[in-house]
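Q: Please take a close look at a single part of this model with me. I would like to begin with charged side chains that meet and then work outward to whatever surrounds them.

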Amino acid sequence: MQNGNTKRFAAKLLFQFRVVVGGKSSRRRICEERTVVFTASSAKGALAAARRKGRAAQYDYRNDENNPIYFEFVGVTAMQCLDPVCERDEFWYDVREWLSPMERKEAILPTDTQLLSTAG
């Protein structure tokens, strides 16, 4: 529940899977970008909350070859205050300049099949 002093924020968090083989970390890494939504009373408080969420999501395990795998929080790549710009059901927005997007929508937009395959 929101009071008058809090606003909704969204932050895009970057994580990496780091594999260690023979004591050396791989340089090429699978990464995850995760968007989280939360409330905070200020942008500074929101950044601190986003970083706490990222650190709390870290974990490690060993793969089938007994090599350690670390899921590590890299940092916050973007953050937005959603109030009052977004509707209640929105959690992210981006404003960019595109060259003739309507005329090029076939090239820009993923197909229904691509969208459905990533939506689970």
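A: Happy to. A salt bridge here is a side-chain nitrogen of Lys or Arg within 4 Å of a carboxyl oxygen of Asp or Glu. This is a predicted model, in which local features need pLDDT (the predictor's confidence in each residue, from 0 to 100) of at least 70, side-chain atom pairs count only at pLDDT 80 or more, and totals for chains, interfaces and linings use all residues. Residues are numbered from 1 along each chain as its sequence is written, and side-chain values use heavy atoms, with hydrogens and water left out.

By the salt-bridge rule, the count is three. One of them joins R34 and E32, with 2.7 Å between the closest N and O atoms. R34 is partly exposed because its relative accessibility is 30%, where buried means under 20% relative accessible area, exposed over 50% and partly exposed in between, using a 1.4 Å probe and protein chains only. E32 is partly exposed too, at 25% relative accessibility.

Another salt bridge is formed by R18 and E72, whose closest N and O atoms are also 2.7 Å apart. This pair links distant parts of the chain, 54 residues apart, with R18 in strand 1 and E72 in strand 5. Helices and strands are DSSP runs numbered from the N terminus, a helix being H or I with at least four residues and a strand being E with at least two. Both partners, R18 and E72, are buried.

The remaining bridge brings the side chains of D83 and R8 together, at 3.5 Å from N to O. D83 sits in the loop between strand 5 (68–81) and helix 2 (105–108), while R8 belongs to strand 1, so this pair ties together parts that are 75 residues apart in sequence. R8 counts as buried because its relative accessible area is 10%.

Now let's zoom in on R18. Its place is in strand 1, which covers residues 7–21, and its relative accessible area is 17%, which is why it counts as buried. The side chain of R18 makes a polar contact of 2.8 Å with the side chain of S25. A polar contact is a pair of N or O atoms within 3.5 Å; within protein, one must be able to donate a hydrogen and the other to accept it, and residues adjacent in sequence count only if both atoms are side-chain atoms. A polar contact of 2.7 Å also joins the side chains of R18 and E72. With neighbours within four places in sequence set aside, R18 touches S25, R29, P68, I69, Y70 and E72, contact meaning heavy atoms within 4.5 Å.

What about the strand that carries R18? Strand 1 and strand 5 run antiparallel and are joined by 11 bridges, and two strands are said to pair if DSSP finds at least two bridges between them. Along this pairing, A10 has Q80 as its bridge partner, and Q16 stands opposite E72. Strand 1 also pairs with strand 3 in the antiparallel sense over 11 bridges, with L13 opposite R34, the residue whose side chain forms a salt bridge with E32. Two further bridges join strand 1 to strand 2 (residues 24–25), again antiparallel, and V21 stands opposite K24 there. That hairpin has two residues between its strands, and G22 takes a positive phi near 60 degrees.

In a regular strand the side chains alternate between the two faces of the sheet. Strand 1 also has a part in the largest nonpolar core, which holds 13 residues, with A11, L13, F15 and F38 touching the most other members. A nonpolar core is a set of buried Ala, Val, Leu, Ile, Met, Phe, Trp, Tyr and Cys residues joined through side-chain atoms within 4.5 Å. Strand 1, strand 3 (30–40), helix 1 (43–56) and strand 5 each give two or more residues to this core, and strand 1 gives the most, with four. F15 has contacts beyond four places in sequence that include I30, C31, G54, A57, F71 and F73, together with the salt-bridge residues E32, R34 and E72.

As for confidence, the mean pLDDT of the chain is 88, and 96% of its residues reach 70 or more.
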